[in-house]
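Got the viewer open? Here's a short tour, one selection at a time.

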Amino acid sequence: MDRGLALLLAGLLGLLPPGHAQPLQVEPPEPAVAVALGASLQLTCRLPCAGRAAAVQWRGLDTSLGAVQSDAGRSVLTVRNASLSAAGTRVCVGSCGGLTFQHTVRLLVFAFPDQLTVSPAALGPADPEVACTAHRVTPADPSALSFSLLLGGRELEGAEALDLEVEVEEDESQEDDDMLFRVTERWRLPPLGTPAPPALHCQATMRLPGLELSHRRAIPASNPAGDQLSAALWTSSAVLGLLLLALPTYRLWKRCRHLAEDGAHPPASLRLLPQVSAWAGLRGTDQVGSSPS
């Protein structure tokens, strides 16, 4: 029987004399733990020790250890604002009496922002290939980062993966130690049928121990018939608007024309007004002859 298992069993049964210990208790318990770039993480290590306080301490192997706080029987390792240089192995060492235990944790630092781009932006009938790019990611190897081309939530049958291109992301804002990558996958499309599906989706997935994250971006299909219909509707609306505008314009023009004609040729009743006015003026100045008495 494994010695650690035997000690654990003996401790549970109360058979250990003072000064004997149970195996280390580490939280989280996985041998590999992933933390996002810029995030924080705590690793806690405990060692129950019968009859006395155990000595527990985190140690690093060729890595920046992080902040450690230790007291009787417990040690807490805190990694704040994790950089890529924080990745590596951490070891918790505990001793109780004459027994020593250790537990190894591999810390993985990853970057996987939701920054997918697709090409073309809209899929046309003449587009034989599509591409999907994940920006500012790490790690970039295919065992951690993978791409899928989806149709209706399932992988598109008949799509042929062409190549995987990995480039260093050039970004002045990132630190020298934090090298991030731009990863692009391309596919040759099979016949999509008629009518074409409304959209394909590119999905990028990051898989690490205890972690699986996915981001998705749509590649909508362009619709030439719909575009032509929209153009025709717009043209028809414009013509109808011009016709509706022409009718009140014509009526206004006719009215203005009639008013102009009426001003140039007033009615007979109005043409007499100057003569009457002139006659009234002569009467007022006694220039009009009076009848004989």
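A nonpolar core, as the term is used here, is a set of buried Ala, Val, Leu, Ile, Met, Phe, Trp, Tyr and Cys residues joined through side-chain atoms within 4.5 Å. Keep in mind that you're looking at a predicted model.

**Stop 1: the cores.** Select Leu43, Cys45, Leu47 and Trp58: these have the most contacts inside the largest nonpolar core, which has 26 residues. Now colour the strands that each supply at least two residues of this core: S2 (32-36), S3 (41-46), S4 (55-61), S6 (74-79), S7 (88-96) and S8 (99-110). S8 gives the largest share, 5 residues. Next, jump to Phe110, Val118, Leu208 and Ile219, which are among the 25 residues of a second, separate core.

**Stop 2: one open sheet.** Show S1, S3, S6 and S5; in that order they make an open sheet of 4 strands with antiparallel pairing. At its edges you'll find S1 (25-27) and S5 (67-71), each pairing on one side only. From one strand to the next, the twist averages 10°. Zoom in on S5 and S6, an antiparallel pair with 5 bridges. Pick Asp71 there, and you'll see that its bridge partner in S6 is Arg74.

**Stop 3: another open sheet.** Move on to S12-S11-S15-S16, again 4 strands in an open, antiparallel arrangement. Why do S12 (154-155) and S16 (211-220) each have one side without a neighbour in the sheet? They stand at the edges with a single partner strand each, so one side is left free of a sheet neighbour. Finish with S15 (199-208), which pairs with S16 in the antiparallel sense over 10 bridges. Select Arg207, and opposite you'll find Glu212 in S16.

How values were computed. Residues are numbered from 1 along each chain as its sequence is written. This is a predicted model: local features need pLDDT of at least 70, side-chain atom pairs count only at pLDDT 80 or more; totals for chains, interfaces and linings use all residues. Side-chain values use heavy atoms; hydrogens and water are left out. Buried means under 20% relative accessible area, exposed over 50%, partly exposed in between (1.4 Å probe, protein chains only). Two strands pair if DSSP finds at least two bridges between them. Axes are lines fitted to C-alpha atoms, for helices over the stretch in contact, and angles run from 0 to 180 degrees between N-to-C directions.
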